[in-house]
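Visitor: I would like to walk through this structure with you, one question at a time. Could you guide me?

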Amino acid sequence: MTSALLYPSDPLTPRRVDRHFGAEAAEARELGAGIILLDHDALLRGDTAEAIRRVPAGAGPLWYRGWMIPAGRYADLAAALAGRGAALAVPPGRYRRAHELPGWYPVFEPVTPASVWTPLPDPARPPAPADLAALAAPLGGGPGVVKDYVKSRKSDWDTACFVPDLADSAGLHRIVARFTELQGDDLAGGIVLRAYETFSTAGRAAEARVWWLDGAPIAVGPHPDTPEEHPEPDLAAVGPLVAALDCRFVTTDLARRADGAWRVVEVGDGQVSDRPATLEPARLLAPLLRAGHPAR
Ligand SMILES: Nc1ncnc2c1ncn2[C@@H]1O[C@H](COP(=O)(O)OP(=O)(O)O)[C@@H](O)[C@H]1O
Ligand SMILES: [Mg+2]
């Protein structure tokens, strides 16, 4: 069965696929897929009609492969496509579930660091120290990590990511305030606090990114940050949880804890997970195009 894929267009050359995804889209064409273009910039600024101008009526259901889309904008996209008889392979509710930590955390709780979260409607107004202390209380004291529902500021590890002691409310507030300041309007959903787990003696350890389609692992490869490393995670505990999540195309990033246990650092929707250059596009595209789109 031949399917079509939706890719972001190049901001400077709107008739072409964004160059970051160019090689992957070329491979998809080789495999017989039609390529349809989405104006990702227009979608993010709320001009949904412009964003889907190049999508033919009746297209799909479409797999998307491209830059992350905030869950609310993804819902706008789905609604606009429905208006012209086109559809996404992953409905908006399932996208949000895999993309945002509060969606996947309840399912993955046994295999991922303990976490708490609170929505943050206005990133210019981070929670007060007392509210953060109350939020962090269930995690107990000790080190932690701050992120939003989707991303961290891991490149600002000491100032906006790592919290030496979650019970030190002034210190916690300082890191969260800096995090929200740096995220600005890109802050996704709200604030997440996670208990720190030691994944290696050297601090940040190489992760494995596992790609799952309809509950089966289709590729086990490096994390995009460490494209030359090929950890071999034990998937026995994770597989049933991915199936329980009930999202068609997801990634799980796994790290080996100091005690040997493989832990899920984060889950993502496979449509917007970055593919390391060392992972052959066909490893993902061939199964996706074969999978078809059963109605759900
Ligand atoms: N709970 C944790 N314990 C220890 N290290 C963590 C924890 N959460 C995140 N990290 C480290 O921070 C990095 C970034 O966190 P992650 O949740 O993957 O955010 P991002 O979406 O920005 O990649 C991870 O790759 C891992 O090295
Ligand atoms: Mg990550």
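**Around the ligand**

Guide: Happily! In this predicted model, ligand 1 has an oxygen atom 2.6 Å from a polar side-chain atom of Ser 152.

Visitor: How much of the accessible area of ligand 1 does the protein cover?

Guide: On its own, ligand 1 has 540 Å² of accessible area. It is surrounded by 17 residues, with Lys 147, Ser 152, Ala 195, Glu 207 and Glu 266 the closest. The share of that area covered by the protein is 97%.

Visitor: Which elements give two or more residues to the shell around ligand 1?

Guide: Lys 147 has a side-chain N or O atom 2.8 Å from an oxygen atom of the ligand. Domain 2 (97-107 + 202-291) and domain 3 (114-195) each supply at least three residues to the shell. The elements asked for are β5 (144-148), β7 and β11 (262-269).

Visitor: Now the aromatic rings: what is the geometry of the pair formed by Trp 104 and Phe 108?

Guide: Both residues sit in helix α6 (residues 101-108), four residues apart, about one turn of the helix. Their ring centres are 6.1 Å apart, and the planes are at 80°. An angle over 60 degrees sets the class, so the pair is edge-to-face.

Visitor: Is Tyr 196, the partner of Phe 162, buried, partly exposed or exposed?

Guide: Phe 162 lies in strand β6 and Tyr 196 in the loop between β7 and β8, so their pair ties together parts 34 residues apart in sequence. Tyr 196 has a relative accessibility of 27%, so it counts as partly exposed.

Notes. Residues numbered from 1 in each chain as written. Chains lettered and ligands numbered in written order. Predicted model: local features only at pLDDT ≥ 70, side-chain atom pairs only at ≥ 80, totals over all residues. Heavy atoms only, no water. Phe/Tyr/Trp six-rings, centres within 6.5 Å; stacked < 30°, edge-to-face > 60°. Buried < 20%, exposed > 50% of the residue type's maximum accessible area, 1.4 Å probe, protein only. Near = heavy atom within 4 Å. Polar contact = N/O pair within 3.5 Å; in protein donor to acceptor, adjacent residues only side chain to side chain. Areas by Shrake-Rupley, 256 points an atom, 1.4 Å probe, with all protein chains shown as cover. Domains from an automatic or database assignment.
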